[in-house]
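User: Please take a close look at one part of this model, the sheet and the side chains on it. A plain account is enough.

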Amino acid sequence: MSEEYAIDVRDGRLGQVMGREGGYVRLRAPGGGCEWDCPPEALGEAPPGEVLRARVRRLNAEGRLP
(Lines give C-alpha, C1' and ligand atoms only; values in the text may rest on other atoms or scores of the structure.)
Protein backbone atom coordinates (compact mmCIF):
# COMPACT_ATOMS: atom_id res chain seq x y z
CA MET A 1 0.00 0.00 0.00
CA SER A 2 1.52 3.28 -1.08
CA GLU A 3 1.04 6.31 1.14
CA GLU A 4 1.51 9.83 -0.04
CA TYR A 5 2.09 12.71 2.37
CA ALA A 6 2.21 16.45 1.81
CA ILE A 7 2.55 19.66 3.79
CA ASP A 8 -0.24 22.22 3.73
CA VAL A 9 1.97 25.29 3.45
CA ARG A 10 -0.83 27.56 4.64
CA ASP A 11 -0.36 26.33 8.22
CA GLY A 12 2.49 23.80 8.07
CA ARG A 13 0.38 20.70 8.82
CA LEU A 14 1.52 17.32 7.55
CA GLY A 15 -1.26 15.31 5.96
CA GLN A 16 -1.76 11.98 4.28
CA VAL A 17 -3.26 12.42 0.83
CA MET A 18 -6.66 10.74 0.90
CA GLY A 19 -7.82 11.75 -2.56
CA ARG A 20 -8.70 14.59 -4.86
CA GLU A 21 -12.12 16.13 -5.11
CA GLY A 22 -13.48 19.25 -6.76
CA GLY A 23 -10.08 20.69 -7.58
CA TYR A 24 -8.80 20.22 -4.03
CA VAL A 25 -6.58 17.64 -2.41
CA ARG A 26 -8.08 15.90 0.64
CA LEU A 27 -5.59 15.55 3.51
CA ARG A 28 -5.85 13.86 6.89
CA ALA A 29 -3.46 14.09 9.82
CA PRO A 30 -1.28 10.98 10.15
CA GLY A 31 -2.87 10.11 13.49
CA GLY A 32 -6.36 10.30 12.02
CA GLY A 33 -9.09 12.84 12.51
CA CYS A 34 -11.07 15.04 10.17
CA GLU A 35 -9.95 15.49 6.61
CA TRP A 36 -9.44 18.95 5.19
CA ASP A 37 -9.31 20.44 1.71
CA CYS A 38 -6.10 21.93 0.42
CA PRO A 39 -5.71 23.72 -2.92
CA PRO A 40 -2.98 22.07 -5.02
CA GLU A 41 -0.94 25.28 -5.10
CA ALA A 42 -0.73 25.20 -1.27
CA LEU A 43 0.85 21.72 -1.17
CA GLY A 44 4.49 21.32 -0.26
CA GLU A 45 6.78 18.33 -0.22
CA ALA A 46 6.71 16.45 3.07
CA PRO A 47 10.14 16.12 4.69
CA PRO A 48 11.33 12.48 4.65
CA GLY A 49 11.80 12.43 8.42
CA GLU A 50 8.20 13.53 9.00
CA VAL A 51 6.92 10.88 6.60
CA LEU A 52 8.94 8.18 8.36
CA ARG A 53 7.59 9.24 11.76
CA ALA A 54 4.02 9.20 10.43
CA ARG A 55 4.45 5.70 9.01
CA VAL A 56 5.98 4.39 12.25
CA ARG A 57 3.09 5.87 14.27
CA ARG A 58 0.57 4.20 11.93
CA LEU A 59 2.33 0.83 12.12
CA ASN A 60 2.55 1.03 15.90
CA ALA A 61 -1.15 1.87 16.15
CA GLU A 62 -2.07 -1.05 13.88
CA GLY A 63 0.02 -3.43 15.98
CA ARG A 64 -1.73 -2.65 19.27
CA LEU A 65 -4.04 -5.29 20.66
CA PRO A 66 -7.61 -4.25 21.54
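Analyst: What follows describes the sheet, then one residue within it, then the aromatic rings. The model is a predicted one.

The sheet is open and is made of five strands, arranged in the order 4-3-2-1-5 with antiparallel pairing. Its edges are strand 4, residues 35-38, and strand 5, residues 43-45, each of which pairs on one side only. From one strand to the next, the twist averages 50 degrees. In general, the strands of a sheet pair through backbone hydrogen bonds, in either a parallel or an antiparallel way.

At one edge, strand 5 pairs with strand 1, which covers residues 5-8; the sense is antiparallel and there are three bridges. One of the residues involved is D8, whose bridge partner in strand 5 is L43.

Strand 2 spans residues 13-21 and includes Q16. The relative accessible area of Q16 is 14%, and because the cut-off for buried is under 20%, Q16 counts as buried. With neighbours within four places in sequence left aside, the residues in contact with Q16 are E3, E4, Y5, R26, L27 and R28.

Turning to the rings, a pair of aromatic rings is described by the distance of the centres and the angle of the planes. Here the count of aromatic pairs is zero, with the limit on the distance between centres set at 6.5 Å. A charge does sit over a ring, however: the charged end of R13 lies over the ring of W36, 3.8 Å from the ring centre.

Terms used
Residues are numbered from 1 along each chain as its sequence is written. This is a predicted model: local features need pLDDT of at least 70, side-chain atom pairs count only at pLDDT 80 or more; totals for chains, interfaces and linings use all residues. Side-chain values use heavy atoms; hydrogens and water are left out. Rings of Phe, Tyr and Trp (its six-membered ring) pair if their centres lie within 6.5 Å; planes under 30 degrees apart count as stacked, over 60 as edge-to-face and the rest as tilted. A charge sits over a ring if NZ of Lys or CZ of Arg is within 6 Å of the ring centre and within 35 degrees of the ring normal. Two strands pair if DSSP finds at least two bridges between them. Helices (H or I, at least four residues) and strands (E, at least two) are DSSP runs, numbered from the N terminus. Axes are lines fitted to C-alpha atoms, for helices over the stretch in contact, and angles run from 0 to 180 degrees between N-to-C directions. Buried means under 20% relative accessible area, exposed over 50%, partly exposed in between (1.4 Å probe, protein chains only). Contact means heavy atoms within 4.5 Å.
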